[in-house]
Amino acid sequence: MNEPLVRAWPAPAKLNLFLHILGRRADGYHELQTCFQFVNLCDELDIEVRADGAIRRVAGDYAVSEEADLCVRAARALQSAAACPLGADIGVLKRIPMGGGLGGGSSDAATCLVALNHLWELQWPVGKLAALGLTLGADVPVFVHGRAAWAEGVGERLTPLYPPLAPPEDNYLILKPNVSVATADVFQDPELTRNSPPITIHGFLASGGRNDCLGVVRRRYPEVARALDWLSAFGSARLTGTGACVFLACGTMERAVEIARSVPPQFDVFLARGLNDSPLLERLAAG
């Protein structure tokens, strides 16, 4: 008999508050430094445990094949690594735009790992779960750990940030131009800056950092450049990851709402609050 349906496992979006590229490794990946913070814009996963071992996608983004779906891949990877006889029906309600640099696919995969570890009663420690998540994508471990973090390496070496080093949980206005950015193309672009000197957490807090992908993304994606130019009229607009989303820290939600009223129709707009603890941790604690 199937376990009862467990609903609303949140998968939050993230912002890269800065992104420095330090160099290219021999394996083709890039050494970077960044600061991850979650926001309360979330996908939601519904998961029903199956006794027959089957892993099925029952709802989600059907533009992505089931075999390529990161949630399905995460479930199958955990099932195989844990030699678990149970399966799952997985449904995803998408709210995080794809191709926006907000980490929706990685967050969905991480939530799937955390939820199934709980529902299948595997009792894997979070470090082991994050290591499995890294095989699915460089951003998956930060979502598994569920704490705002300073990240190095390819993004997998994480230092959780607690006060006084934690970033402020600001109110953000996020714009999504009608374009998706191909991250691999940005990192392969010959004009990408790859020689930023390393900085410390204190250095980032003092300077705010920058996004080394910005110049390449502006050149390759005029829609992103237009979004940045429009939002920069209201403050220091930034690119998250390789984009396409750009964001502005607004201080108060009232100011974010005021700016949102004038957003041009060619941009999707999201209002979100920064979170240093992922809502997935609260959901996990609720059992």
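**Figure 1. Overall fold of the predicted model, with 10 helices and 10 strands in the chain.** The radius of gyration is 19 Å, close to the 19 Å that the globule rule gives for 287 residues, so the chain is as compact as a globular protein of that length. Along its principal axes, the C-alpha trace spans about 60 × 45 × 40 Å. Of the 287 residues, 52% count as buried. The accessible surface amounts to about 12600 Å², and carbon and sulfur atoms account for 53% of this area. Among contacts between residues at least 6 apart in sequence, 75% join residues at least 24 apart. The side chains include 26 positive and 31 negative ones, and the centres of these two sets are 4 Å apart.

**Figure 2. Strand β2 and its antiparallel partners β4, β5 and β10.** Strand β2 comprises residues 30-50 and is mostly covered, with 16 of its 21 residues buried. Seven bridges connect β2 to strand β4 (residues 87-93), and these two strands run antiparallel. Within this pairing, Glu44 has Leu93 of β4 as its bridge partner. Strand β5 (residues 149-152) pairs with β2 in the antiparallel sense over three bridges; here Cys35 is matched with Trp150 of β5 as its bridge partner. The pairing of β2 with strand β10 (residues 267-275) is also antiparallel and rests on two bridges. In β10, Gly274 is the bridge partner of Val39.

**Figure 3. Surroundings of Val92 in strand β4.** Val92 has a relative accessibility of 12% and therefore counts as buried, the cut-off being under 20%. Apart from neighbours within four places in sequence, Val92 is in contact with Asp43, Glu44, Leu45, Ala59, Gly60, Cys71 and Asp108. Among these, Glu44 is also the residue whose bridge partner in β4 is Leu93. The C-alpha atoms of Val92 and Ile174 are 22 Å apart in space, and the two residues are separated by 82 residues in sequence.

**Figure 4. Leu70 in helix α1 and its contacts.** Helix α1 comprises residues 70-82, and Leu70 is found in this helix. When residues up to four places away in sequence are not counted, Leu70 touches Gly105, Ser106, Ala109 and Leu136. Of these, Gly105 is 35 residues from Leu70 in sequence, while the C-alpha to C-alpha distance is 6.3 Å. Helix α2 comprises residues 104-119.

**Figure 5. Leu158 in strand β6 and the residues that it contacts.** Strand β6 comprises residues 157-160 and includes Leu158. The relative accessibility of Leu158 is 23%, so this residue counts as partly exposed. Leaving aside neighbours within four places in sequence, the contacts of Leu158 are Phe36, Pro141, Val142, His145, Ala149, Trp150 and Ala151. One of these, Trp150, is the bridge partner of Cys35 in β5. Thr200 is 42 residues from Leu158 in sequence and 13 Å away in space, C-alpha to C-alpha.

**Figure 6. Cis peptide bonds from Pro163 to Pro164 and between Gly243 and Ala244.** Most peptide bonds are trans. The bond from Pro163 to Pro164 is cis, with omega near 10 degrees. Pro164 is placed in the loop between β6 and β7, the latter comprising residues 171-177. Gly243 and Ala244 are likewise joined by a cis peptide bond, for which omega is about 20 degrees. Ala244 lies in the loop that separates β8 (238-239) from β9 (246-249).

**Figure 7. Positive phi angles at Ala83 and Glu121.** Most residues other than glycine have a negative phi. Ala83, although not a glycine, has a positive phi of about 50 degrees. This residue lies in the loop between α1 and β4. With 68% relative accessibility, Ala83 counts as exposed. Glu121, also not a glycine, has a positive phi of about 55 degrees. The loop between α2 (104-119) and α3 (126-134) holds Glu121. The relative accessible area of Glu121 is 66%, and this residue is exposed.

Technical notes: Residues numbered from 1 in each chain as written. Predicted model: local features only at pLDDT ≥ 70, side-chain atom pairs only at ≥ 80, totals over all residues. Heavy atoms only, no water. Helix = DSSP H or I, 4+ residues; strand = E, 2+ residues; numbered from the N terminus. Rg over C-alpha atoms; globule rule 2.2 N^0.38 Å. Buried < 20%, exposed > 50% of the residue type's maximum accessible area, 1.4 Å probe, protein only. Contact = heavy atoms within 4.5 Å. Areas by Shrake-Rupley, 256 points an atom, 1.4 Å probe, with all protein chains shown as cover. Lys, Arg positive; Asp, Glu negative; His and termini not counted. Charge placed at Lys NZ, Arg CZ, Asp CG, Glu CD. Pairing = 2+ DSSP bridges.
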